[in-house]
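Student: I have the sequence and the model open side by side. Please take me closely through the small sheet, and then through the parts around it.

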Amino acid sequence: GSPDESSQKCGVNDGEDFGLDMEGELPHHHTSVALLMCEVIGGFLPTDLATPSSMGLKVRLGSRHCSQMATQAPVVDRGGISEKGVKAIGRLHGHGLDASAIAEALGEELQDVQRIIRRSAWNFEVVQRFPLLLSSSD
């Protein structure tokens with residue numbers, strides 16, 4: 001399932017883990033603010049450490065932080081590449097060929113081969129961005 005807003009928690013490091021609500025209200029004495037949007041598209045978590053869907057990620061900058069639960073990565077979007085082509089890309093990459101050599105050998109677009117290589121190794125993704133509302137003291 002897709003994560004809902006309850007899977008995202010943001011706050012200030014003030015002794016309470018998540019002191020701000022989702023709007024990230026700052027105390028009135030701060031005059032300068034910036035909104036930093038962080039994005040974690042996907043990655044790999046060794047399954048002997050934890051299952052990807054049980055993992056939470058936290059982004060921290062200054063006194064601000066935001067955390068979010070990861071989800072299992074979806075099956076790689078092949079685009080215009082056949083399933084046989086995706087398997088060939090994986091085998092060739094496993095033998096040490098880089099993306100440009102594989103793209104040339106198979107007659108595929110370099111961007112497509114790079115995307116297949118990158119996303120084939122992922123087992124988690126983070127759907128929502130991490131909003132960090134920063135003050136001048138951060």
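Tutor: Start with the sheet. In this predicted model, 3 strands form an open sheet in the order S3-S7-S6. The pairing is antiparallel. The edge strands are S3 (42–43) and S6 (71–72). Each of these pairs on one side only. In general, strands of a sheet pair through backbone hydrogen bonds, either parallel or antiparallel.

Look at one of the pairings. S7 covers residues 124–125, and 2 bridges join S7 to S6 in the antiparallel sense. For Gln72, the bridge partner in S7 is Phe124.

Now step back one residue from S7. Asn123 lies in the loop between H3 and S7. Is Asn123 buried or exposed? Its relative accessibility is 10%, so Asn123 counts as buried. The cut-off for buried is under 20%. Leaving aside neighbours within four places in sequence, Asn123 contacts Thr71, Gln72 and Ala73. The same list of contacts for Asn123 includes Gly43, Phe44, Leu45, Thr47 and Pro52. Set that beside the strand limits: Thr71 and Gln72 belong to S6, and Gly43 belongs to S3.

Phe124 has a further link to follow. Met55 sits in the loop between S3 and strand S4 (56–61). Met55 has a relative accessible area of 15%, so Met55 is buried. Not counting residues up to four places away in sequence, Met55 touches Phe124 and Leu45. Gln68, Met69 and Ala70 are also touched by Met55. Take Gln68 from that list. Met55 and Gln68 are 13 residues apart in sequence. Their C-alpha atoms are 8.7 Å apart in space.

Next, the cysteines. How many disulfides are there? The count is 0. A disulfide is a covalent bond between the sulfur atoms of two cysteines. The cut-off used here is a pair of sulfur atoms within 2.5 Å. For Cys38, the closest cysteine sulfur is in Cys66, at 8.4 Å, and that is too far for a bond. Cys38 itself counts as buried, because its relative accessibility is 17%.

Now the helices. H1 runs over residues 83–94, which makes 12 residues. At 1.5 Å a residue, H1 should span 16 Å. The end C-alpha atoms of H1 are 17 Å apart, which agrees. The buried residues of H1 are Gly85, Val86, Ala88 and Ile89. They cover an arc of only 160 degrees around the axis, so they lie on the same side of H1. The face of H1 turned away from this buried side carries the exposed residues Lys84, Arg91 and Gly94. What do the buried residues of H1 pack against? They pack against H2 (99–106) and H3. After H1 comes Gly96, with a positive phi near 95 degrees.

H2 can be read in the same order. Its buried residues are Ala99, Ile102 and Ala103. Down the axis of H2, these residues fall within an arc of 100 degrees, so they line one face of the helix. Glu104 and Ala105 are exposed on the other side of H2. The buried residues of H2 pack against H1 and H3. After H2 comes Gly107, with a positive phi near 70 degrees.

That leaves H3, residues 110–120, which holds Arg115. Is Arg115 buried or exposed? Arg115 counts as buried, because its relative accessibility is 17%. Apart from neighbours within four places in sequence, Arg115 is in contact with Val76, Asp77, Arg78 and Gly79.

Last, confidence. The chain has a mean pLDDT of 79, and 80% of its residues reach 70 or more. Among the elements, H2 has the highest mean pLDDT, at 96. Strand S1 (residues 8–12) has the lowest, at 72. Over residues 1–5 the pLDDT is below 50. Beyond near neighbours in sequence, that stretch has 6 contacts in the model. Residues 14–23 also have pLDDT below 50. That second stretch has 18 contacts in the model beyond near neighbours in sequence.

Notes
Residues are numbered from 1 along each chain as its sequence is written. This is a predicted model: local features need pLDDT of at least 70, side-chain atom pairs count only at pLDDT 80 or more; totals for chains, interfaces and linings use all residues. Side-chain values use heavy atoms; hydrogens and water are left out. Two strands pair if DSSP finds at least two bridges between them. Helices (H or I, at least four residues) and strands (E, at least two) are DSSP runs, numbered from the N terminus. Buried means under 20% relative accessible area, exposed over 50%, partly exposed in between (1.4 Å probe, protein chains only). Contact means heavy atoms within 4.5 Å. The expected span of a helix is 1.5 Å times one less than its number of residues. The arc is that of the directions from the helix axis to the C-beta atoms. pLDDT is the predictor's confidence in each residue, from 0 to 100.
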